[in-house]
Amino acid sequence: MSTDAAPRPDTAPASRGPRPPWIAGRAPARPAPGAAFHSVSAATAALLGLVALGALIHEPVLIPPLAASAALVHCATALPLAQPRSVIIGHLLGAAAGYTVAAVASHGSAWAAAVAAGITLALTTLARTPHSPACATSVVIVLQAPAPGRFVPLLFGATVLLVLTAYAASRIRRAAPRYPAYWW
């Protein structure tokens with residue numbers, strides 16, 4: 001019997017030993033097909049609703065950070081990042097940081113946008129409203145300079161709409177996780 005057998009692909013070579021615990025983590029289980037379809041279709045419907053609203057009022061309502069928020073509230077319903085207070089307040093804090101930095105620095109500066117994102121992260125952390133897409137909201141504001149009188153009310157309405165659609169979607173399918181885990 002030969003001892004030159006190749007190591008199995010699911011184990012580390014004997015010379016390296018076992019994997020360190022920080023590498024040996026596990027990804028979450030794959031959702032059931034029905035659950036995945038439900039979450040993805042609900043998020044897509046919410047985003048299409050934002051596009052339709054924007055078309056009606058001739059103003060872009062769907063911005064990239066809201067697409068990321070939709071993914072969180074529909075597919076990661078239990079995370080603190082997905083809870084209503086984090087979604088709504090997080091984006092409003094991101095808008096405040098973006099407009100503040102834009103007032104001090106030049107619009108369109110990638111440096112200023114990075115600072116605005118960092119300030120947003122600090123504000124959302126301090127306010128206990130973690131929501132990573134809110135950092136992107138501040139970046140959008142610094143780089144694109146939307147008028148605050150129109151942008152902020154649309155942002156607020158869009159975040160409320162995302163939260164309400166996630167709430168409704170979680171009640172339509174019996175086996176769906178309930179959203180939100182907490183309101184405030």
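Q: How do the residues of the lining of the largest cavity divide into nonpolar, polar and charged?
A: The lining of the largest cavity consists of eight nonpolar residues, with no polar and no charged ones, where Ala, Val, Leu, Ile, Met, Phe, Trp, Tyr, Cys and Pro count as nonpolar, Asp, Glu, Lys and Arg as charged, and the others, Gly among them, as polar. This is a predicted model, in which local features need pLDDT of at least 70 and side-chain atom pairs count only at pLDDT 80 or more, while totals for chains, interfaces and linings use all residues. Residues are numbered from 1 along each chain as its sequence is written, and side-chain values use heavy atoms, with hydrogens and water left out.

Q: Which residues line the largest cavity, and what is its volume?
A: Rolling a probe the size of a water molecule over the atoms shows where empty space is left. On a 1 Å grid over the protein atoms alone, a cavity is a set of points where a 1.4 Å probe fits but cannot get out, a pocket is an open set with protein on both sides within 12 Å along at least five of seven lines, and lining residues have an atom within 4 Å of a point. Grid points are joined across faces, edges and corners, and a volume is the space filled by probe spheres set on the points. By this rule there is one cavity of 30 Å³ or more; the largest cavity has a volume of about 50 Å³ and is lined by P60, V61, I63, L66, F151, L154, L155 and A158. The largest share of this lining, four residues, comes from α6.

Q: How many helices and strands does the protein chain have?
A: Helices (H or I, at least four residues) and strands (E, at least two) are DSSP runs, numbered from the N terminus. Here the protein chain has six helices and zero strands, giving the pattern α-α-α-α-α-α along the sequence.

Q: What lines the largest pocket?
A: The largest pocket has a volume of about 250 Å³, and of the 19 residues that line it, S39, H74, C75, T77 and P177 are the closest to its centre. In the lining of the largest pocket, α1, α2 and α6 each supply at least two residues, and the largest share, six residues, comes from α1. The lining of the largest pocket divides into 13 nonpolar, five polar and one charged residue.

Q: Where is the salt bridge between E59 and R150 placed in the chain?
A: A salt bridge is a side-chain nitrogen of Lys or Arg within 4 Å of a carboxyl oxygen of Asp or Glu. One is found in the whole structure, and it joins the side chains of E59 and R150 at 2.9 Å, N to O. The pair links distant parts of the chain, with E59 in the loop between α1 (33-57) and α2 (64-75) and R150 in helix α6, 91 residues apart.

Q: Is V101 buried or exposed?
A: Buried means under 20% relative accessible area, exposed over 50%, and partly exposed in between (1.4 Å probe, protein chains only). V101, which lies in helix α3 (residues 84-104), counts as buried because its relative accessibility is 9%. E59 is partly exposed because its relative accessible area is 22%, and R150 is partly exposed because its relative accessibility is 45%. Of the 184 residues of the protein chain, 35% count as buried.
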